[in-house]
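Welcome to this short tour of a protein model. Keep the sequence and the 3D view side by side, and look up each residue as it comes along.

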Amino acid sequence: MPVYEYQAKDPEKSCAACRDGFELIRSFSDPPVETCLLCHNPVVKKISAANINSRIGDPLSKSNLEAQGFTRYQKDSQGSYRKTAGHGPDLIKK
């Protein structure tokens, strides 16, 4: 489930929790949060960076491509494509 960040619309009329911002784990099907859960003043959802899975390493490396069943090709000077990773055909001609 995604983590959403919220912050007070008007920091001067809010509690410390929503003034500084808070996070909630919410399902996509949950209704939107419009007020602070503590002081009930209006809040806005902040735009935040996505969590990128760093366990993969380089997703385009030869070993990762082959493990996922992909084949990578590189165009040569004659306009044909030569396999650089994966289990597909060695050459795709123009």
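## The core and its surroundings

The largest nonpolar core has ten residues: Y4, Y6, A8, C15, C18, F22, L24, V33, C36 and V43. Please keep in mind that this is a predicted model. Two elements, β1 and β2, give two or more residues to this core. The largest share, three residues, comes from β1. Here is some general background: in soluble globular proteins, nonpolar side chains tend to be buried together.

Let us pick out one member, Y4. Leaving out residues up to four places away in sequence, Y4 touches F22, E23, L24, R26, F28 and K45.

## A pair of rings

How many aromatic pairs does a search of the whole structure find? The search finds one. The ring centres of Y6 and F22 are 5.6 Å apart and their planes meet at 25°; since planes under 30 degrees apart count as stacked, the pair is stacked. Y6 belongs to strand β1 (residues 3–8) and F22 to strand β2 (residues 22–25), so this pair links distant parts of the chain, 16 residues apart. Both Y6 and F22 are buried. Y6 also stands opposite F22 in β2.

## The cysteines

Two cysteines of the core deserve a look of their own. Across the whole structure, a search finds zero disulfides. For C18, the nearest cysteine sulfur is that of C39, 3.7 Å away, and C18 is in no disulfide. C18 is buried, with a relative accessible area of 0%. What about C36? Its closest cysteine sulfur is in C15, and because the two sulfurs are 3.7 Å apart, they are too far for a bond. C36 is buried as well, at a relative accessible area of 2%.

## Strands and how they pair

Now follow the strands. Three of them form an open sheet in the order β2-β1-β3, with antiparallel pairing. β2 and β3 (43–46) stand at the edges with a single partner strand each, so one side of each has no neighbour in the sheet. From one strand to the next, the twist averages 40°.

Further along the chain, β4 and β5 form a hairpin with five residues between them, and G79 in the turn has a positive phi of about 90°. β5 and β6 form a hairpin too, again with five residues between them; in its turn, G86 has a positive phi of about 105°. Within these pairings, R72 has A85 in β5 as its bridge partner, while Y81 stands opposite I92 in β6.

The table lists three of the strand pairings.

| Strands | Direction | Bridges |
|---|---|---|
| β1 and β2 | antiparallel | four bridges |
| β4 (residues 72–75) and β5 (residues 81–85) | antiparallel | four bridges |
| β5 and β6 (residues 91–92) | antiparallel | two bridges |

## A residue on the outside

To finish, find K9 in the loop between β1 and α1 (16–20). Is K9 buried or exposed? K9 counts as exposed, because its relative accessibility is 57% and the cut-off for exposed is over 50%. Leaving aside neighbours within four places in sequence, K9 is in contact with P42, V43 and V44. One of these contacts, V43, is also a member of the largest nonpolar core. By contrast, Y73 lies 64 residues from K9 along the chain, and their C-alpha atoms are separated by 51 Å.

Conventions
Residues are numbered from 1 along each chain as its sequence is written. This is a predicted model: local features need pLDDT of at least 70, side-chain atom pairs count only at pLDDT 80 or more; totals for chains, interfaces and linings use all residues. Side-chain values use heavy atoms; hydrogens and water are left out. Rings of Phe, Tyr and Trp (its six-membered ring) pair if their centres lie within 6.5 Å; planes under 30 degrees apart count as stacked, over 60 as edge-to-face and the rest as tilted. Buried means under 20% relative accessible area, exposed over 50%, partly exposed in between (1.4 Å probe, protein chains only). Contact means heavy atoms within 4.5 Å. A nonpolar core is a set of buried Ala, Val, Leu, Ile, Met, Phe, Trp, Tyr and Cys residues joined through side-chain atoms within 4.5 Å. A disulfide is a pair of cysteine sulfur atoms within 2.5 Å. Two strands pair if DSSP finds at least two bridges between them. Axes are lines fitted to C-alpha atoms, for helices over the stretch in contact, and angles run from 0 to 180 degrees between N-to-C directions.
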